[in-house]
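Colleague: Could you give me a close look at the second largest pocket, and then at the closed spaces inside? I'm new to this, so please go slowly.

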Amino acid sequence: MIETKTAPDAVSVRPAPSLPVSVIVAARNEAHNLPRCLAALKSVGEIYLIDSQSSDETIQIADSYGATVVQFHYNGGWPKKRQWAMDTLPFAYDWILLIDADEVLTPELATEIKEAIQHPAYDGYYIALEMHFLGRQLRHSGASFRKLCLFRKGLGRFECRLQDQDTNMADMEVHEHVIVNGRARALRNPLVHHNVESLDRYIKKHNEYSNWEARVWLDGNKANEIQPSLWGTQAQRRRWLKRHFLELPGSPVLFFMYKYFARFGFLDGVPGLIYCAFQGVQFFHIKAKIYELRAARKTS
């Protein structure tokens with residue numbers, strides 16, 4: 001049974017959408033980010049906010065913007081939050097747009113999407129992220145990437161990289177990618193991504209991500225995932241680089257140096273230094289947790 005809550009007054013005055021897409025916003029305690037995110041979505045057809053029992057004002061804020069709030073209760077396994085929503089919810093529109101609560105749809109991107117979804121030759125679109133970290137846009141640091149987050153309903157699914165997951169690995173797809181059964185291309189305009197509101201929360205989230213990454217490294221379902229390739233898509237190249245960096249001795253330090261020097265992270269000032277350092281630390285956490293898992297299996 002789907003547990004939903006809507007704001008009838010807000011929905012009743014919602015104008016006809018100029019952007020006929022169904023938007024999925026994944027959230028948990030996102031009261032700080034949501035007003036900025038939802039205010040930019042006033043022109044879309046419908047908004048589903050998939051919540052994980054937030055304890056702050058997330059639900060009230062979503063209600064005030066006319067979003068339909070759906071509670072997701074994660075007990076481990078697959079699917080996770082967004083794939084569950086894609087499988088379960090009664091979308092009214094033919095296109096689905098996935099947005100995180102810390103992302104903002106710009107008017108330029110909205111206009112481009114409106115034109116793109118009229119094109120019959122494409123079933124999905126990659127959208128770049130304009131990364132903001134600690135109040136500064138990161139123009140270097142290897143922080144720019146694209147994700148396939150706009151696709152025709154029924155033609156896009158997340159890759160399942162690990163079937164057996166538990167609740168300490170985050171309840172949302174993080175480094176799984178959407179695979180579209182059809183043609184896809186990149187849009188020009190980016191989503192604005194406010195990557196961190198506090199370092200405390202950033203560290204907590206990435207601790208969960210590293211739990212998942214370590215398990216994927218050891219037990220991942222490689223047959224059903226996007227394959228790493230140095231000459232493939234951006235997602236494939238990033239996955240190839242990560243896999244080969246992890247195998248190298250001293251890879252956390254090497255990855256920091258790659259981000260900070262080879263990708264000119266030093267030009268992003270102090271935020272660039274902190275971002276690149278955390279990227280290296282994340283590598284260290286993954287490698288340490290791989291070691292921990294292997295040691296535990298040897299003794300069990």
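Modeller: Sure, let's begin with the walls: eight nonpolar, four polar and two charged residues line the second largest pocket (Ala, Val, Leu, Ile, Met, Phe, Trp, Tyr, Cys and Pro count as nonpolar, Asp, Glu, Lys and Arg as charged, the others, Gly among them, as polar). Keep in mind that this is a predicted model, where local features need pLDDT of at least 70 and side-chain atom pairs 80 or more, while totals for chains, interfaces and linings use all residues. Residues are numbered from 1 along each chain as its sequence is written, and side-chain values use heavy atoms, leaving out hydrogens and water.

The pocket holds about 230 Å³ of space. Its lining has 14 residues, and Tyr126, Leu148, Ile226, Thr233 and Ala235 sit nearest the centre. Strands β9 (146-152) and β11 (178-180) and helix α7 (234-246) each give two or more residues to that lining (DSSP runs numbered from the N terminus: helices H or I, at least four residues; strands E, at least two).

Now for the closed spaces: there are two cavities of 30 Å³ or more. On a 1 Å grid over the protein atoms alone, a 1.4 Å probe fits in a cavity but cannot get out; a pocket is open, with protein on both sides within 12 Å along at least five of seven lines, and lining residues have an atom within 4 Å of a point. Points join across faces, edges and corners, and volume is the space filled by probe spheres on them. The second largest cavity holds about 40 Å³. Around that cavity you'll find Lys80, Met169, Met172, Val174, His175, Glu176, Tyr209 and Trp212. By class, that makes five nonpolar, one polar and two charged residues.
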